[in-house]
Amino acid sequence: MENTKYRNLDPDRHKLIFKAIVGSQAHGTSTPESDIDYKGVYMQTIDDLVSFGYEPIIEVSKDESYYEIRRFIELLMEANPNAIEILFSPDDCIVQTSPQFELLRLYKNCFLT
């Protein structure tokens, strides 16, 4: 039976602004059995933000998930370790980025407590 919890980002509703490899692969602690985990950040359309269509997180699989930018910033303000890990992704683990996300990265140290 297929797990309906997982789904893909919809390019018409979700603009991916950052994607990175996280976890053991990013921190040099992987083993030959380790999988590759991805996390990232997306922006929703204005229509979704002001309606009942807001989605704070989308899980694509057990190894891939994305936060909506508003939820991501809330997590950063709470010093959430998952959000901090994404923000401080090593350059060689960044799969995709954007000017919007790079603006956040410029001020990443402001989110450390």
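This passage walks through the sheet, the helices packed on it, and a few residues worth a visit.

The model is predicted: local features need pLDDT of at least 70 and side-chain atom pairs count only at pLDDT 80 or more, while totals for chains, interfaces and linings use all residues. Residues are numbered from 1 along each chain as its sequence is written, and side-chain values use heavy atoms, with hydrogens and water left out.

A good place to start is the open sheet, where 5 strands follow the order β3-β4-β2-β1-β5 with mixed pairing. At its edges lie β3 (57-61) and β5 (94-96), each of which pairs on one side only. From one strand to the next, the twist averages 20°. Strands here are DSSP E runs of at least two residues, helices are H or I runs of at least four, and both are numbered from the N terminus; two strands pair if DSSP finds at least two bridges between them.

The pairings can be followed strand by strand. Strands β1 and β2 run antiparallel and are joined by 8 bridges; in this pair, I21 stands opposite Y38 in β2. On the β5 side, β1 pairs with β5 in the antiparallel sense over 2 bridges, and A20 faces I94 in β5. The parallel sense appears between β2 (residues 37-44) and β4 (residues 64-68), which share 5 bridges. Here G40 is found opposite Y66 in β4.

Two helices pack on this sheet. Helix α3 (residues 69-77) touches β1 (14-22), β2 and β4, and its direction makes about 90° with that of β4. Helix α5 touches β1, β2 and β5, with its direction at about 50° to that of β1. Contact means heavy atoms within 4.5 Å; axes are lines fitted to C-alpha atoms, for helices over the stretch in contact, and angles run from 0 to 180 degrees between N-to-C directions.

After α3 comes a loop leading to α4 (81-87), and A79 lies in it. Although A79 is not a glycine, this residue has a positive phi of about 60°. A79 counts as partly exposed because its relative accessibility is 28%, where buried means under 20% relative accessible area, exposed over 50%, and partly exposed in between (1.4 Å probe, protein chains only).

Helix α5 spans residues 99-106 and includes L106. With 67% relative accessibility, L106 therefore counts as exposed.
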